[in-house]
Structures are given as C-alpha cells and as structure tokens.
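Colleague: Please take a close look at the salt bridges in this model. Then place them in their surroundings, with the helix packing, the cores and the backbone.

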Amino acid sequence: MTANEIVVPAVDLYSDTVSRPTDGMRRAMAEAEVGNEQAMEDPTVNRLCDRVAELLGKEAAVFLPSGTMCNEIAYRVWVDRGEEIILEETAHALHFEAGGPAALAGAMCRTLKGERGIFSAADLETVIRTRGGKHGQRQALVNLENTANLGGGAVWPLAAVAEVAECARSHNLKVHMDGARLLNAVVASGTLASAYGQLCDSVWIDLSKGLGCPVGGVLAGSAEFIDRAWLFKHQFGGAMRQAGILAAAGLYALDHHVQRLSEDHANARYLAEGIAAIGGLSVAVDEIETNMVYFDVETGRLDAAGLSARLMQDHKVRIGAMGPRRMRAVTHIDIDRSGIEAALGALKSAMETA
Ligand SMILES: *Cc1c(COP(=O)(O)O)cnc(C)c1O
C-alpha cells in the first residue's frame, strides 16, 4: 500500500468527523448563492451566521473553516499574552489543538479536574488566584466543553453552566463554550441552545461533526466580540471567498440533521449495551448520554491498539484506540443500526479469538 492509498472501513466509528455530506446536502451546496465572504458579500454565509447567532442567543456570529479556529480566535480575543485560560484537564484545546492557546494567544493554561469533563463553581474556586499582586498573572477566561469529548460525550446540565458562569463573572472572567457537539447536548437534554449560549460570552458549534457537513464551524458572541473575531479571522488566514458553497451545507444540516442526532444517541447506547455483554470488554452503559462510547479492553488480552488493528484488518470496522486499554466509538449520520450490529459482531469475534 502506498501512502496515498486509503482503506475505506465498512463501518467507521472512528469519529463523527468521518460523516460525509448526504445527497440532499450536496444538492444544496451546488445550488448555493455565493459572493465574496471576506467582504461579507456572500448571502448564504450571512444567512448561516444570522441563523446560528439566533440559535445560540447571541447578537452576531462568524463562519470559520474549523472548530479549532473557533476556539483559537475566541482565546485570542479574550486573552492577552501571559494571561490565563482555565480549562478542565481533558479539554480538547489542551490536547488536540497543537498548542494553539500558547502559540496564538500567548495564553497560560491552568487546569482543574472535573468529573467526566464537567466541573462546579467550587472546583473553579480552587484555581482562582486570590494573592496575585504584581507577580501573579491575570486570569482571563474559563473554557467549558459541551459535550465533553474526553468526558465521554457528557452533557453539561444548564444549572451547572449557570453556576460556573456566575462564579466566573464574580472573578471578572469571561466564559467560552467549546460547543463542537453542543447540538448533541441540546437534543439529549432538551435544553435550548440559546439557554446555554446566553450564559456564555462566546460559544460555537461545529458543522463537520454530528451535523455531517464537510467543513466549518460558526462562532457567536456579542457584536463587539464578533468584530474583534473578524480581525483574527483575517490574521489567521480564515477569511474565505465563495464560501456560501460550504455555508449552504450548514443551513441544510440545521434544517435536516439536528433532530436526527437522537438516533446517533440511541445507537451509541445500543452499542454500549452490546459491548457490555462481550467478555473482555467493559463499558459504563449508564454514562452514555450522547454519541460517544468509551470502553476498555481488560488486561491479559489484546491491548486497545491491537484490537483496533484486528477490527480493521479482519472486519473493516474502524474503532480508535485512545489509550493502552481504552477505545472510543463515535456514532454519526452514516451509521445505522445494521452498522452497529456489524461492529458488535466484529468486536465479539475479535475478542473470542484474542
Ligand atoms: C473536534 C473538536 C474541536 C475542533 O473542531 P475541528 O472542526 O475538528 O477543528 C474542538 N473541540 C472539541 C470538543 C472537538 O471535539
């Protein structure tokens, strides 16, 4: 196999980012009205931004090429060099954004330990600097991740966000929500996206995860915040041209792919229940709230990397290894119940011969 040859899994549970645009989405993209996005002249992008701003209960929004850029621009706006961002220790921005907070915003990252990625005002209080003086750095921002990815797709209860936001404000901290999977949290909990959004100073949704778009994220906040965000969008090379082709996918997804996230959640739970019945694997079924299933391979058998390789080789089922014994399966729009059955069959067979 050459480096450019790609083996396509039959069932790909590696991530919801692997979801592909549907035929309907592709048609909407093909038919999109477009203009120069960089000059704010793309009508489809403008419509998407207005729609997401309203959805998230904010004044304005900006379309960006990725969720990572949504986080990094927000950090750049809120944090000056040497200032602190407080994040839960499993935060995506700490582990999977190539050091962006330090490289791009010059931020110090202070971590706290929550429970499955979620923390309380009391947890936040433990990292508040009370004796700064001239030699303590300023704390600028609190980062919340909803759903919490490494927390197993856990949903922030609205009351927990409210409590942390109130505590943050009492210490003059801004609140940023990494909402890569916010709409999963919304569908799972029945909480309005705007209720979450109104508690935060900045918030974004990813279009290329569960919503099934090829590209993009939308960052929302006050009009003043979005003005500043535009400056860094240019600076980071994120200003685009006829981006309406991409925004059309986002509008299509907001019309057609939000409520169906509940199917992904039901499939994740069904997968977890099946995994719980397979010898050598363990999973906390009760903790499956959205579309992620983290599970462990017991010691003495294949390790996670070995199981992942065997699933792919023998069954064309892709499930990622997240640690020596930890695996992660993520359900999404391209996986139906028969895909879950196939994955369970593959796991069972791989573990029986392990
Ligand atoms: C995927 C993800 C991001 C980054 O989004 P991209 O669109 O992949 O750049 C940020 N935060 C969380 C929690 C994510 O899962």
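Modeller: The count comes to 15 salt bridges. The model is a predicted one. I will take three pairs in turn.

Start with Glu84 and Arg129. Their side chains meet in a salt bridge, at 2.5 Å from N to O. This pair links distant parts of the chain, with the two positions 45 residues apart in numbering. Glu84 sits in strand E3, residues 84-88. Arg129 sits in the loop between helix H6 (121-125) and strand E5 (139-145). The two partners differ in burial class. Glu84 has a relative accessibility of 1%, under the 20% cut-off, so it counts as buried. Arg129 has 34%, which lies between 20% and 50%, so it counts as partly exposed.

Next come Arg260 and Asp264. The N to O distance in this salt bridge is 2.5 Å. Arg260 is buried, and Asp264 is buried too.

The third pair is Lys348 and Glu352. Here the salt bridge spans 3.8 Å, N to O. Both residues belong to helix H14, residues 337-352. They are four residues apart, about one turn of the helix. Lys348 is partly exposed, because its relative accessible area is 45%. Glu352 reaches 60%, over the 50% cut-off, so it is exposed. There is also a network to report. Salt bridges with shared partners join Glu84, Arg110 and Arg129.

Now the packing of H14. Its axis and the axis of helix H13 (residues 304-315) come within 10 Å of each other. The two axes cross at roughly 115 degrees. The 65 to 115 range counts as roughly perpendicular, so that is how H13 stands to H14. The crossing of H13 and H14 is right-handed. Which residues meet there? On the H13 side they are Leu307, Arg310, Leu311 and His315. On the H14 side they are Ala346, Leu347, Ser349, Ala350 and Met351.

H13 also holds Ala305. Ala305 is partly exposed, because its relative accessible area is 48%. Ala305 and Gln242 are 63 residues apart in sequence. In space, their C-alpha atoms are 41 Å apart.

After H13 the chain runs into a loop that leads to strand E11 (317-318), and Lys316 is found in that loop. Lys316 has a positive phi, about 55 degrees, although it is not a glycine. Its relative accessibility is 43%, so Lys316 counts as partly exposed. Met40 also has a positive phi without being a glycine, with a value near 60 degrees. Met40 is placed in the loop between helix H1 (23-30) and helix H2 (43-55). One peptide bond deserves a look as well. The bond from Asn146 to Thr147 is cis, with omega near 0 degrees. Thr147 lies in the loop between E5 and H7. Why point these out? Most residues other than glycine have a negative phi, and most peptide bonds are trans.

On to the cores. The largest nonpolar core has 57 residues. Phe63 and Leu124 have the most contacts inside it. Set aside the neighbours of Leu124 within four places in sequence. Leu124 is then in contact with Ile86, Leu112, Val142, Val164, Cys167 and Ala168. Another core lies apart from this one and has 30 residues. Among them are Leu281, Phe295, Val297 and Val317.

Last, Leu173. This residue lies in the loop between helix H7 (158-170) and strand E6 (174-178). Is Leu173 buried or exposed? Its relative accessible area is 3%, under the 20% cut-off, so Leu173 is buried. Leave out neighbours within four places in sequence here too. The contacts of Leu173 are then Ile86, Ile128, Gln139, Ala140, Leu141, Val142 and Ala168. Ile86, Val142 and Ala168 also appear in the contact list of Leu124. Leu173 and Trp78 are 95 residues apart along the chain. Their C-alpha atoms are separated by 9.3 Å.

Terms used: Residues are numbered from 1 along each chain as its sequence is written. This is a predicted model: local features need pLDDT of at least 70, side-chain atom pairs count only at pLDDT 80 or more; totals for chains, interfaces and linings use all residues. Side-chain values use heavy atoms; hydrogens and water are left out. A nonpolar core is a set of buried Ala, Val, Leu, Ile, Met, Phe, Trp, Tyr and Cys residues joined through side-chain atoms within 4.5 Å. Buried means under 20% relative accessible area, exposed over 50%, partly exposed in between (1.4 Å probe, protein chains only). Contact means heavy atoms within 4.5 Å. A salt bridge is a side-chain nitrogen of Lys or Arg within 4 Å of a carboxyl oxygen of Asp or Glu. Axes are lines fitted to C-alpha atoms, for helices over the stretch in contact, and angles run from 0 to 180 degrees between N-to-C directions. Angles under 35 degrees count as roughly parallel, over 145 as roughly antiparallel, 65 to 115 as roughly perpendicular and the rest as oblique. A crossing is left-handed if the near helix is turned anticlockwise from the far one by less than a right angle, and right-handed if clockwise.
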